[in-house]
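Trainee: I am new to this structure and would like to learn what stands behind each label, so please take me through the labels one by one.

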Amino acid sequence: MRDTPAPSLNGRIALVTGASRGIGQQCALALAKAGAQVVACARTQSGLEELDDAIFAATGQHATLIPFDLVDGSAMERLGPVLYERYGKLDILVHAAAHLGSLSPVTCTDPKDFNKIISVNLTASYRLIRAVEPVLRLSDAARAVFFTSGVASSPRAFWGPYAASKAGLEAMVRCWLDEIEHTPIRGALVNPGPTKTRMRHEAYPGEDKSLLSLPEAIAPMVLEMVRTDREPPMHTVHYRDWVGTSNTH
């Protein structure tokens, strides 16, 4: 798969969450280089502006920047209508935004921290799907990519709230995709594995960073998932398998 030429995404509208840094930023840049009009969402205005500068330098085009917090319900409700009014459709959704929280025993997790993890990783994902499904239906071949984690299916000590949020995300996305099987929308769950991001550093600050994948290495896998000439696989796609390596989370 990694040798497959990148698809042309000319004329495609791509919404990327968590686009101000890390994997989301690199996916947004790769989508723009492939020809898509990128709509970038994140909480950090400065990070979005850096992304826009990179996209303009690479393509001569600007991204559409929407700075907002995914847990802002009223802003989320406006997202679909804004996309419709400006573009009349949405072809690609890449949902990269997530919150790790602190790694600790379940019984030691502060309720506020637990609620934030669930709010960002699960509840906001539900609201995002609900907000953009109408505009995804207006595409001839919409693609939706959601990032998950190995701990969703292989939970381990100290990852309780995050693992639960990602397991819930996987279940919800699979239910949704089953519900819309007769629409033009197809989706994929992807697990990037150990990647050199701020979130990974928070989890494992002392690990050897040279052993981690770079965020830009994940982007080609996402481009593969959003191709219009084939449907993404039903199973969760693990980066280590996609590149034919034996990396583990």
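Trainee: Which residues are in contact with Asn 191, leaving aside its neighbours within four places in sequence?

Mentor: In this predicted model, setting aside neighbours within four places in sequence, Asn 191 is in contact (heavy atoms within 4.5 Å) with Thr 148, Ser 149 and Gly 150, and also with Thr 236, Val 237, His 238, Tyr 239 and Arg 240. Asn 191 itself lies in strand β6, residues 185–191, where helices (H or I, at least four residues) and strands (E, at least two) are DSSP runs numbered from the N terminus.

Trainee: Why is Asn 191 called buried?

Mentor: Buried means under 20% relative accessible area, exposed means over 50%, and partly exposed lies in between, with a 1.4 Å probe and protein chains only. Asn 191 has 3% relative accessibility, which is under that limit, and therefore counts as buried. Of the 249 residues of the protein chain, 50% count as buried.

Mentor: Before we go on, residues are numbered from 1 along each chain as its sequence is written. Local features need pLDDT of at least 70 and side-chain atom pairs count only at pLDDT 80 or more, whereas totals for chains, interfaces and linings use all residues, and side-chain values use heavy atoms, with hydrogens and water left out.

Trainee: What makes Phe 158 partly exposed?

Mentor: Its relative accessibility is 49%, which falls between the two limits, so Phe 158 counts as partly exposed. Phe 158 is found in the loop between β5 and α5 (160–179), and it has a positive phi of about 80° although it is not a glycine.

Trainee: How do you know that Arg 12 forms a salt bridge with Asp 91?

Mentor: A salt bridge asks for a side-chain nitrogen of Lys or Arg within 4 Å of a carboxyl oxygen of Asp or Glu. The closest N and O atoms of Arg 12 and Asp 91 are 3.5 Å apart, so the pair qualifies. Arg 12 sits in the segment before β1 (13–17) and Asp 91 in the loop between α3 (73–87) and β4 (92–95), so that, by the element assignment, the pair links distant parts of the chain, 79 residues apart. Both Arg 12 and Asp 91 are buried.

Trainee: What makes the pair of Asp 140 and Arg 12 a salt bridge, and which parts does the pair tie together?

Mentor: The side chains of Asp 140 and Arg 12 meet at 2.9 Å, N to O, which satisfies the rule. Asp 140 lies in the loop between α4 (111–136) and β5 (142–147) while Arg 12 lies in the segment before β1, so the pair ties together parts that are 128 residues apart in sequence. Asp 140 counts as exposed at 60% relative accessibility, whereas Arg 12, at 11%, counts as buried. Arg 12, Lys 89, Asp 91 and Asp 140 are linked in a network of salt bridges, and the count by this rule comes to 10 salt bridges.

Trainee: Why are α1 and α2 called roughly parallel?

Mentor: Helix α1 (residues 22–33) and helix α2 (residues 45–59) pack at an angle of about 30°, with their axes 10 Å apart. Axes are lines fitted to C-alpha atoms, for helices over the stretch in contact, and angles run from 0 to 180 degrees between N-to-C directions. Under 35 degrees counts as roughly parallel, over 145 as roughly antiparallel, 65 to 115 as roughly perpendicular and the rest as oblique, so α1 is roughly parallel to α2.

Trainee: What makes α1 and α7 oblique to each other instead?

Mentor: The axes of α1 and helix α7 (residues 215–225) come within 8 Å and cross at roughly 55°. That angle fits none of the three named ranges, and α1 and α7 are therefore oblique to each other.

Trainee: Why is α7 said to be largely enclosed by the rest of the structure?

Mentor: Of the 11 residues of α7, 8 are buried, so α7 is largely enclosed by the rest of the structure. The buried residues include Pro 215, Ile 218, Ala 219 and Met 221, and what covers the buried residues of α7 includes α1, β4, β5, β6, β7 (237–238) and α8 (239–242).
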